[in-house]
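Student: Please take one part of this model and go through it closely, strand by strand where that applies. Then place the other elements around that account.

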Amino acid sequence: MIRTVSSTPYSDQKPGTSGLRKKVPVFQQQNYTENFIQSIFDSLQGFKGETLVIGGDGRYYNREVIQIALRMAAANGFGRVLVGQGGIMSTPAVSHVIRKHKAFGGIILSASHNPGGPNEDFGIKYNASNGGPAPESLTDAIFARSRVIDRYLTADFPDVNLDSIGSLNAGGLMIEVIDPVDDYAELMEHLFDFGAIRDLIAGGFRVTFDAMHAVTGPYAREILVNRLGADPALIRNDVPLEDFGGHHPDPNLVHARELYDTMMAPDAPDFGAASDGDGDRNLIIGRSIFVTPSDSLAMLAANAHLAPGYKAGIAGIARSMPTSGAADRVAAKMEVQLYETPTGWKFFGNLLDAGRVTICGEESAGTGSTHVREKDGLWAVLLWLNILAVRRQSVLEIVEDHWATYGRTYYSRHDYEAVDTDAANTLMARIEERFGALPGTKLGPLTVARADNFSYHDPVDLSVSRNQGIRIHFEGGARIVFRLSGTGTSGATLRVYMEFYEPDPARHNRDTQEALSDLIAAAEELASIRALTGRDAPTVIT
Ligand code: G6P
Ligand code: ZN
């Protein structure tokens, strides 16, 4: 039943920020998917007879790849596979299922917030036994293997019915089709005070959630509606679709515009949230106030002790380098350590495993904690709801109170998507060439204090990750970061992150883009973005 199929390698299977992401037709090339999965298995040791978890965000090509992965897992000697019903499981739920069932690891099929469909994006990533994304040492090994691979192993058995829950034996492999929500919902009940949230909602507090036709629909129905009593009419787009209804399942102000408009309307619900394709990101909007992910991280960290799962306080906070310094001020006040890591959730894994931090977050709408090893969209929603249930204030009151206590960090990210790769590399290289000359340079009213390219020294495994983004620090603490995205699938995406700190409460109600206008102008002056990319304006402003 087990066959060895000879194959020839592809040269482009280098995992990015979060696994291998390519267009569906790339994955559909002869043996392309098989080569990558076999490269993962060939880079692992000691999994004979062990458990593998497989889940996906339900996008186009998910079901096909699950069947391929099941046959290959059997042929490679795994003993058991846990797979979500319908091939669906959110990324944080996979992380939890790996941990809870002591699996060897897991395969997540997702391209996160990127669009889905026959000509859109697909992705494969491997998570280790701690439930977290493979560390760079492993993704490097997988890439190296993919460049020389000459065969893969597969077993011959018919397609497995993914739609009905139950177990079967296929080629010696125990395959269990499990409810993707159960284990996860139980974990959430354990972390949060569902009684208090139920009371809040029963008292007329209106919660709206946009699942963006992606994986969190079933989770939102079970947790928000069935267990917490939210009005089902306010849960939108809760049926997962292979093409996400033709939209980008990206919970930002552009792609979750309807939710934003709902929350800005006079009769807005009290709390609005959305999650992305695979359920690990979150967008939080109060009535007439959007909470930036960087602020949300700071506010969740400052209030986490109000939820039962965190009542003992937090050990430390980690944020990615381009995330704003708002959380740093919370860490300082709480006298806990703040860690600054490169972009990519995998960098939080060691800190979480070592117990150095409890809460982590990124500007890219990811927040999470020690409960799993991925960022977790619904977790963030539930922690917000738990805090709101205890404080009995509006989102706006909590935000304003936070700014009054810690000061406000004005923050924005400007993205230039799908720009020419050479142009983007030139832009970055030209800034770096000027590093030596930049300190003391005046850009409008701002003076450069120092410039560098961020290197991360992992305090746990002592590994070093270089070239993680250009940082321009100005006198007075303002900052611009230039970085090329590691998750795009066409051309390059330039991200420009800008921030400055405003302690004065009288100046906390300015328009963000207006408040950042000097930094926006400085970024253009430094990088000649328009001339080099040919773009007049960012594709997306968040
Ligand atoms: C994924 C990763 C995040 C990362 C985000 C943006 O969601 O899991 O950790 O922040 O992509 O990455 P990028 O390289 O596109 O800025
Ligand atoms: Zn995601």
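Tutor:
**The antiparallel sheet and its surroundings**

Seven strands make up an open sheet, ordered β20-β21-β24-β25-β26-β19-β27, with antiparallel pairing. The sheet ends at β20 (442–443) on one edge and at β27 (540–541) on the other, and each of these strands pairs on one side only. As in any sheet, the strands pair through backbone hydrogen bonds, either parallel or antiparallel. This is a predicted model, and local features are reported only where pLDDT is at least 70.

Within this sheet, consider the pair formed by β19 and β26. Strand β19 covers residues 408–419 and strand β26 covers residues 492–502; they run antiparallel and are joined by 10 bridges. One position fixes the register: Tyr416 has Leu494 in β26 as its bridge partner.

A second open sheet also has seven strands, in the order β2-β6-β5-β3-β4-β9-β8, but here the pairing is mixed. Its edge strands are β2 (20–23) and β8 (166–170), each of which pairs on one side only. From one strand to the next, the twist averages 20 degrees. At the β8 edge, five bridges connect β8 to β9 (residues 173–178), and the two strands run antiparallel. Asn169 is matched there with Met174, its bridge partner in β9.

A parallel pair is found elsewhere in the chain. Strand β15 (residues 316–320) and strand β16 (residues 337–341) run parallel and share five bridges. In this pair, Ser320 stands opposite Thr341 of β16. Helix α11 (residues 326–334) belongs with these strands: β15, α11 and β16 form a β-α-β unit that is right-handed.

The helix packing can be followed from α2. Two packed helices are described by the angle between their axes and the distance between the axes. Helix α2 (residues 32–42) and helix α3 (residues 62–76) have axes that come within 10 Å and cross at roughly 40 degrees. Because of that angle, α2 is oblique to α3. The crossing in which α2 passes α3 is right-handed.

Helix α2 also meets helix α5 (residues 136–146), where the axes come within 8 Å and cross at roughly 125 degrees. That angle is why α2 counts as oblique to α5. The crossing of α2 and α5 is likewise right-handed.

The last item is the ligand site. Ligand 1 is surrounded by 14 residues, and the closest are Thr17, Ser364, Ser485, Gly486 and Thr487. By class, the shell around ligand 1 consists of 11 polar residues, two charged residues and one nonpolar residue.

To return to the part examined first, the sheet is open and antiparallel, it is bounded by β20 and β27, and its β19–β26 pair carries 10 bridges.

Notes. Residues are numbered from 1 along each chain as its sequence is written. Chains are lettered from A and ligands numbered from 1 in the order in which they are written. This is a predicted model: local features need pLDDT of at least 70, side-chain atom pairs count only at pLDDT 80 or more; totals for chains, interfaces and linings use all residues. A residue is near a molecule or strand if its C-beta atom, placed from the backbone, lies within 6 Å of it. Ala, Val, Leu, Ile, Met, Phe, Trp, Tyr, Cys and Pro count as nonpolar, Asp, Glu, Lys and Arg as charged, and the others, Gly among them, as polar. Two strands pair if DSSP finds at least two bridges between them. Helices (H or I, at least four residues) and strands (E, at least two) are DSSP runs, numbered from the N terminus. A crossover is right-handed if, with the strands pointing away from the viewer, the path from the first strand over the helix to the second runs clockwise. Axes are lines fitted to C-alpha atoms, for helices over the stretch in contact, and angles run from 0 to 180 degrees between N-to-C directions. Angles under 35 degrees count as roughly parallel, over 145 as roughly antiparallel, 65 to 115 as roughly perpendicular and the rest as oblique. A crossing is left-handed if the near helix is turned anticlockwise from the far one by less than a right angle, and right-handed if clockwise.
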